[in-house]
4 protein chains.
Amino acid sequence: MGSTPQPRRGNTRQRIQDVALELFAEQGYEKTSLREISEKLDVTKAALYYHFKTKEDILISIFEDLNRPVEELIAWGKEQPRTLETKKELLIRYSDALAAAAPLFRFMQENQATVRDLSIGETIKGRVVTLVDLIKEPDAPLTDQVRCFTALFTLHAGMFALKDFDGDPEDKRKAVLEVAFDLITQAHGPDPAS
Amino acid sequence: MGSTPQPRRGNTRQRIQDVALELFAEQGYEKTSLREISEKLDVTKAALYYHFKTKEDILISIFEDLNRPVEELIAWGKEQPRTLETKKELLIRYSDALAAAAPLFRFMQENQATVRDLSIGETIKGRVVTLVDLIKEPDAPLTDQVRCFTALFTLHAGMFALKDFDGDPEDKRKAVLEVAFDLITQAHGPDPAS
Amino acid sequence: MGSTPQPRRGNTRQRIQDVALELFAEQGYEKTSLREISEKLDVTKAALYYHFKTKEDILISIFEDLNRPVEELIAWGKEQPRTLETKKELLIRYSDALAAAAPLFRFMQENQATVRDLSIGETIKGRVVTLVDLIKEPDAPLTDQVRCFTALFTLHAGMFALKDFDGDPEDKRKAVLEVAFDLITQAHGPDPAS
Amino acid sequence: MGSTPQPRRGNTRQRIQDVALELFAEQGYEKTSLREISEKLDVTKAALYYHFKTKEDILISIFEDLNRPVEELIAWGKEQPRTLETKKELLIRYSDALAAAAPLFRFMQENQATVRDLSIGETIKGRVVTLVDLIKEPDAPLTDQVRCFTALFTLHAGMFALKDFDGDPEDKRKAVLEVAFDLITQAHGPDPAS
DNA sequence: TATGAATGAGGTTTCATTCAT
DNA sequence: CATGAATGAAACCTCATTCAT
């Protein structure tokens, strides 16, 4: 446990992102100061500015890095046939993506007001719409659109809001997915084969 | 008499709450400063402190005032038999309550990180749990609990997130309620009479 | 000499302007920090911001206050016949105005680069042009225009640059005015009466 | 070979000076940061420190390089007889020197407050005095001293302040020189031969 | 019922500068 | 000949809050 001032490693940028996300998710964006981040890293505030242009920039970079899987998921989804199987697969993969970047998505859930007028706000809004589009049938009635939207939202909610319920986390995740499946299955309409 | 916009004496407290809520909902709690509020009211910052002890106090007072209907709803719910009809009525009334105090609930949705460590945070969390308890069957399996939770959440989401979808607002509200009904009906289980 | 924390007098705004101008003139605008100003006044930085919106605002307010005499002089000049007598009177009055607000004009001389892109920059440039217009004949040849411009400029230079020459200040001022008179007399052209 | 804009090795020092002077003249010394300079050169800040010890050092080096002609002019002037012809020649050469290093002199005019307490401040002040000494008669009355000083100052002013007047630049320069000639001729006193 | 004046803490950001590589 | 990474100081500015009047 070398306590001597450790050599400047090349991973400072990454460490800033890690600590920042941790604090952003824990306390909120505005309540997290750059002083706090830098102290936790044992670095000066100015060092943050060597790696990122602004505070917002830190957040954006985190978002861009962690969000890639979702972008890829959407790209994948666009090339699949719009079958019920595909939709289910989409939900599963989306659920995985959320779990993989849980702190980021928790942060986004709990800081919508902040995220909204950051430059990433529009990106996010657009993404939700796109995802719903991939899941709903082209001319689905409003009720079914709501079902699709709710299915997605349930996945999100499952991440942070269900913490207060008891039960095994893995069980919960399955339960959430099951409900989401139900919703999109209903929205998908009767199997044309029947 | 006197058609000039009178300074309306006596209702300053109310006006502060109105303007504050408007700004909180629009920009978020932390990004709204007391200066901004007081300027919009054409009053000094110090005046705010005559009516409220702190900034947080303004928010709490708003919450307490607007939240009463929900408290009453819960009280009402606790005295009803746990029938499907009651549950539906609960959802309808809750939906009405949300609509009646839309800006407050929008604010709470979009500022969870902030609300969480304000003194009202615990209150809110407890309330959601209580509501779910009123809707779900005592020993409902996890999946059904999720359904109940999702039903409630859908009502919330319907308020702000569906703004980006097109369609008549009234239609949307109906669609949202319909989906919520479906969810709790499923969770309610088969009619024991059958 | 009460050394106890003196009561908040109503002249803080004025005192800020005085101290600020003194420091701006002495060290330059950018090299004078708000910390310095506030310390010299035994007041917090925040107090400065109670009275002025920004650092630039302090300067602008000083300029607007001290510059009024010059504006009035120009207004006066515009209503006079363009005789040689008028022109001389203009120079005398201008010289007086400069002397009355010496620190401000010294500041402006020595911080042109700064003043240029402050919001008062344009105002100042326009003012010089207007003054020259009042002194030169409508269709004066270039040489005479330069003479008029130089006459004005000599007054300015007389304030700060001549400090390094020896001689009684009052004598210097007279000498400067005499040279300026010569210049505009030459530029005024031969007396039409002759 | 290779027509692509080559990194021109070896002349970095010169390029730094060029860019720095350009920015100093345009924006002022304090408002120009080393970051800005280095970015415009597509070089790191640290590179500047390889070539110059400090920011001030950059300015000093520019001054020393560009100022040599003026030093030489003064040296030349000191060896000439103090005739009117000599004085005129001095003005012409000085005017040429100013034109040749216009950005530097513009910078010095507009950043007097800054230049004053840089180490070159004294040098400059001394130089003006020396120049006036070369032009004025040993025991000239104050008025004539002012004339000489004004003559020099007019040359300076002609460079930057006359930009706002219309007219061909070359014409302006001639006009400025003519006025300066007039001033020193007057100050030179009656030709003793007459 | 309010205001005018001020504070103390803290925010984000920028700067000139250093130094090992 | 130059860079990458970092620092310490200080800049401007904003905020919630206080209190005498």
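**A tour of two interfaces**

Start by selecting Arg116(A) and Glu110(B): their side chains form a salt bridge, N to O at 2.4 Å (a side-chain nitrogen of Lys or Arg within 4 Å of a carboxyl oxygen of Asp or Glu). Before moving on, note that this is a predicted model, where local features need pLDDT of at least 70, side-chain atom pairs count only at pLDDT 80 or more, and totals for chains, interfaces and linings use all residues. Residues are numbered from 1 along each chain as its sequence is written, and side-chain values use heavy atoms, with hydrogens and water left out.

Stay between chain A and chain B, where the rule finds 8 salt bridges. Next, colour helices H1 (12-27), H6 (102-110), H7 (112-116), H8 (121-135), H9 (142-160) and H10 (169-188) of chain A; each gives at least two residues to the side that touches chain B (helices are DSSP runs of H or I, at least four residues, numbered from the N terminus). Linger on H9(A), which brings the largest share, 11 residues.

Now show the whole contact: 41 residues from chain A and 41 residues from chain B, with contact meaning heavy atoms within 4.5 Å. About 3,500 Å² is buried here, 62% of it from carbon and sulfur atoms (accessible area, 1.4 Å probe, that two parts lose on being put together, summed over both).

Then hop to chain C and chain D and pick Arg147(D) with Asp182(C), a salt bridge at 2.7 Å, N to O. The count between these chains is 8 salt bridges. Finish on H9(C), which gives the most to the side of chain C that touches chain D, 11 residues.

Definitions and conventions: Chains lettered and ligands numbered in written order.
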